[in-house]
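Visitor: I would like a close look at a single part of this model. Please start with the whole chain, then zoom in.

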Amino acid sequence: MPDSRPGPLANLRVIDLTDDRAIYAGKLLADLGAQVTRVESPGGDPLRQRGPFHESGASLWHAYFASSREFVSGEAESVAQLAHDADVFLDCERLADSEALLAANPALVIVDVTSFGRLGPWKDHQAPGLVAEALGGIAATSGDVDTPPLKLYGDQYAFVGGVYAAVGALAALNHARKTGEGQIVRLSTHEALGSILEHVLMWAWYHEMLPFGDGPVLRRQGSLHWSSAYVVMQAIGGSIMITPTPDFSRQAAWLIEEGRGLELLDERFSDPANVAEMIELTMSTLREWVATKEVEPFFHEAQARHHPYGWVMTTPEVAGNPQLAARDWWAEYPVGDAIVSGPGAPYHFSETPWRIGGVQSPPL
């Protein structure tokens, strides 16, 4: 029986004027119960034409990213009227005057999402997905030494920008609820992508202090981690992410138990100066050993021994994943007149449910 309790954001009113750079923010808020109104231009939302498509012709991409919203078609005047009664306003460069909206509704939180922000030499540039990932530095870390940099799978820029937009909206809303003071949150997707480069920037700045590599740019080496201690290996029937961390001695013990890796006990590997050689020998030994294992039972055995191996599951295997099924993770999305299964909640609340709401078509 469907859970009829209100979601945790049930009293939140949100106006959504985002494009793909932040449409995920509206989904995060709407699926938590916020009343999100997506304002489409009179000519229609171009994101409805984005594939993949259902057999009915409706966009599956749009059904996922624009879930749980009501849709209206409106011009600038109607948008301003909607904003007057809203708590949060999500925008991707469709608003001409954010300050005027804030003046009319001083408690309003406006999240202004642009590709590069409102200041700087690139402020008027545009950056759709592939461009954003290239300029944000992420593409340069992908691929292998023999390939050009690669595009990341999917629309990672949309997820990253959307998460930051939602976080910024709720943080500013918390302030507004306490003080009555709304504000404009300026979000640059270029900076959002740059913020997830993790150790790449640390390497550029502090590479002389680190034991691996020979310069400020990390080598592109496919699935092999920069430390050389994490890599996808081929097993029988599939691939598996392998690492001897966090305990090399425990990994060596398992290898020795199976008649491999005695050379890893060499005393010279107790010297930190030889850590790179020790990692290289461990990984080559693991590669030969893993190639003899059936991937699924091997994964479960490793986890039972508390080794953090990860079975690289294909899309059909993820769709049939028993862990996701046990947690009732899959959700039903309305697509045109049909219902399809899709990704479910990224979190579970004990008292205030997450759910996909109905989708209303916009007026023509």
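Guide: Here is the whole chain, followed by a look at Gln303. This is a predicted model, where local features need pLDDT of at least 70, side-chain atom pairs count only at pLDDT 80 or more, and totals for chains, interfaces and linings use all residues. Residues are numbered from 1 along each chain as its sequence is written, and side-chain values use heavy atoms, with hydrogens and water left out.

The protein chain has 13 helices and eleven strands. These are DSSP runs, numbered from the N terminus: helices are H or I, at least four residues, and strands are E, at least two. The C-alpha atoms fill a box of roughly 75 × 50 × 40 Å along the principal axes. The chain has 364 residues, and 41% of them count as buried. Buried means under 20% relative accessible area, exposed means over 50%, and partly exposed lies in between (1.4 Å probe, protein chains only).

Contacts come next; a contact means heavy atoms within 4.5 Å. Take those between residues at least 6 apart in sequence: 62% join residues at least 24 apart.

Now zoom in. Gln303 sits in helix α11, which covers residues 295-304. Gln303 counts as partly exposed because its relative accessibility is 36%. Set aside its neighbours within four places in sequence, and Gln303 is in contact with Pro308 and Tyr309. Look at Tyr309 again. Its backbone oxygen lies 2.8 Å from a polar atom of the Gln303 side chain. So Gln303, a partly exposed residue, belongs to helix α11 and touches Pro308 and Tyr309.

How values were computed: Polar contact = N/O pair within 3.5 Å; in protein donor to acceptor, adjacent residues only side chain to side chain.
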